[in-house]
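Visitor: Please take a close look at the enclosed space inside this protein, and set it beside the open space at its surface. What surrounds each of them?

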Amino acid sequence: MSDAAVATHLAQTRLEKRFADLKAAGRAGLVTYLTAGDPDAATSLEILQGLPAAGADVIEIGMPFSDPMADGPAIQAASLRALNAGMTLAKTLDLVAAFRQADREAPVVLMGYYNPIYSMGVEAFLARAVEVGVDGLIVVDLPPEEDRELCAPARAAGLHWIRLATPTTDDARLPRVLAEVSGFLYYVSVMGITGTKSATREHVAEAVARLRRHTDTPIAVGFGIKTAEAVREVGAVADAAVVGSALVERVRANLDEAGKARPGLADDVLGFVRELAGGLTA
Amino acid sequence: MSIAEKLNTYTTGPDEQGHFGRFGGRFVAETLMPLILEVERAYTDARRDPAFKRELEHYAAHYVGRPSPLYFAERLSEALGGAKVYFKRDELNHTGSHKINNCLGQILLAKRMGKTRIIAETGAGQHGVAVATVCARFDLPCVVYMGETDIERQQPNVFRMRLLGAEVKPVTSGTGTLKDAMNEALRDWVANVEDTFYIIGTVAGPHPYPMMVRDFQSVIGQETRTQMLEAEGRLPDSLVACIGGGSNAMGLFYPFLDEPEVRIVGVEAAGKGVETGEHAASLNGGRPGVLHGNRTYLLQTDDGQIVDAYSISAGLDYPGIGPEHSWLKEAGRVEYVSATDAEALEGFKLCTRTEGIIPALEPAHALAHVAKLAPTLPKDHLLVMNLCGRGDKDVFAVAKRLGADIE
């Protein structure tokens, strides 16, 4: 969104305000992804509550799904851990509600796959998402071709619809991908699944430049970003860097042999978030 | 008014967005979308091209051995004491099942698109073997994803695929079965969109796959039509086929959907019984959801998590079903019933003893239903069952189940 638009947009959403503030501060943002309920609901909430202070500018919460076809081993395992610990979509929304009791500022975006939402019912899901203070949705298996399913009703309900663009989204297709996007555009910097390959700095810079020719929407870049150094590099060209698998791996590294959270898990994960955010000071 | 009463044709689907009624669609990640659209364009172009058709027919005739016979199963008919039962003998195809019909079509399309690498998923291994076969024949490298659980129970097919030069990659993610193999194949495809073609084995997946696989398998029904007219001077009265994803059934059914006099029955795998929860009957025991690129009936929890299917037949234990079947169910055009493991084993034994044909455990489910249905029908009733695969691969599993030690 341009400066002029920000000025005239009185009812600015949390997500719009966050990106406007980042722009004003002259720095890129850190978007963190963690799977809801990984490794259990209580620990998951403890991490979430600490994220804003640790430097997460936008909080992505993964809705666990049994068949995450665009995710690599790290996030697949996180999903299974959460499901095995009893996580559901309804409880994911409850988690957001619990988080919102103490934090009214941090933008929260739910990310996942369509079936659990479809199963709950689009209307019921959206009503609850709005009620608990969700700001936007990223649904991996809903391309523009399926916008009638959730994109249109979600936008009507006042939620941001964050679209994924990829290296295979060429200039001819890009307008279609950008048409209904709001909040930010999530650029998937590699062809592949989460947490595996990493894009080169040159590729990211070129891709972001190409996207900027088509849109004013803030651009977050994700997939394969695992270190503070990588966050800094992406932050130099994009509006935000997304870290997911590396964070989820940090959760895994703090589990005992039975798969339960070791004491200090949340602190360790939050320490890593601080380290990642450290690269983004203006 | 039911959907069926409003329709006078069942063969115009899918629409341009790949929908059969509310089912089907293109529920895939953005990375795959441009490629899915490319496959659709290439297929639309190919199906209109007489040269493509000629090439497909050439290999179908000389490599696969089509047409497969339509065989009057006289002794089985006598034993059941009712309808005149015919088998469509797709188990006689090269590689032993109907799967090759589709693989041939898709690999010719992949070549036409200039793709240089093939991937596939497999459950029982019949599709994997068929893919590995056409890859050997057309000289393309091939990776087959197969669940670890399935690898254990289908060793002969794993060895066949490796002999044919395919790389069989064990899938341990999720529960290590067919659905997870399909997830892994999709993950591979996302990472290798530029050079890779994904040969999906059934009438599922994102559009255009359900339509494309159906078209390639429809040769089964088209031949049946011609052969039955030759043999009996009229169309069959009923059709029966087993259903996992539903490709052999779709292939047999499709050319008859607009023949209102032809009764059509699909048989799902009821495993230990639909009421036990351990089954693969998506239509009889599931509800609509979205998985693997399409909306269809799925086995799932209240929370929309996909549940593992169970069946004695590895080729049927998929927690979904082709979207066109979901639509045909709701339209009321096709009846969908189920048969348990125990019933399928009885069908397996009956066919073997009366006809000297060892069927695969998949069509043994269709046989189980024929055994129930045929005795209730008059002797001039013409019933066609798709004998879509042969049972060599299942001999060890059946022996184990029957308590015989042959290893």
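Guide: A cavity is here a set of grid points where a 1.4 Å probe fits but cannot get out, and its volume is the space filled by probe spheres set on those points. In this predicted model, the count comes to 6 cavities of 30 Å³ or more, and the largest cavity has a volume of about 350 Å³. The lining of the largest cavity is made by 31 residues, and those nearest its centre are His98(B), Lys99(B), Gly315(B), Leu316(B) and Glu362(B). Among the elements of chain B that each supply at least two residues of this lining are strand E5 (117–122), strand E9 (238–243), helix H6 (126–138) and helix H16 (361–373). Sorted by class, the lining of the largest cavity holds 16 polar, 11 nonpolar and 4 charged residues.

Turning to the open space, the largest pocket encloses about 580 Å³, and of the 20 residues that line it, Leu56(B), Glu57(B), Asp215(B), Val219(B) and Gln222(B) are the closest to its centre. Helix H3(B) gives the most to the lining of the largest pocket, with 6 residues, while helix H2 (33–47), helix H5 (99–112), helix H10 (209–217) and helix H11 (219–232) of chain B are among the elements that each supply at least two. By class, the lining of the largest pocket divides into 11 nonpolar, 6 charged and 3 polar residues.

Methods
Residues numbered from 1 in each chain as written. Chains lettered and ligands numbered in written order. Predicted model: local features only at pLDDT ≥ 70, side-chain atom pairs only at ≥ 80, totals over all residues. Heavy atoms only, no water. 1 Å grid on protein atoms, 1.4 Å probe; cavity = no way out; pocket = protein on both sides within 12 Å on 5 of 7 lines; lining within 4 Å. Helix = DSSP H or I, 4+ residues; strand = E, 2+ residues; numbered from the N terminus. Nonpolar A, V, L, I, M, F, W, Y, C, P; charged D, E, K, R; others polar.
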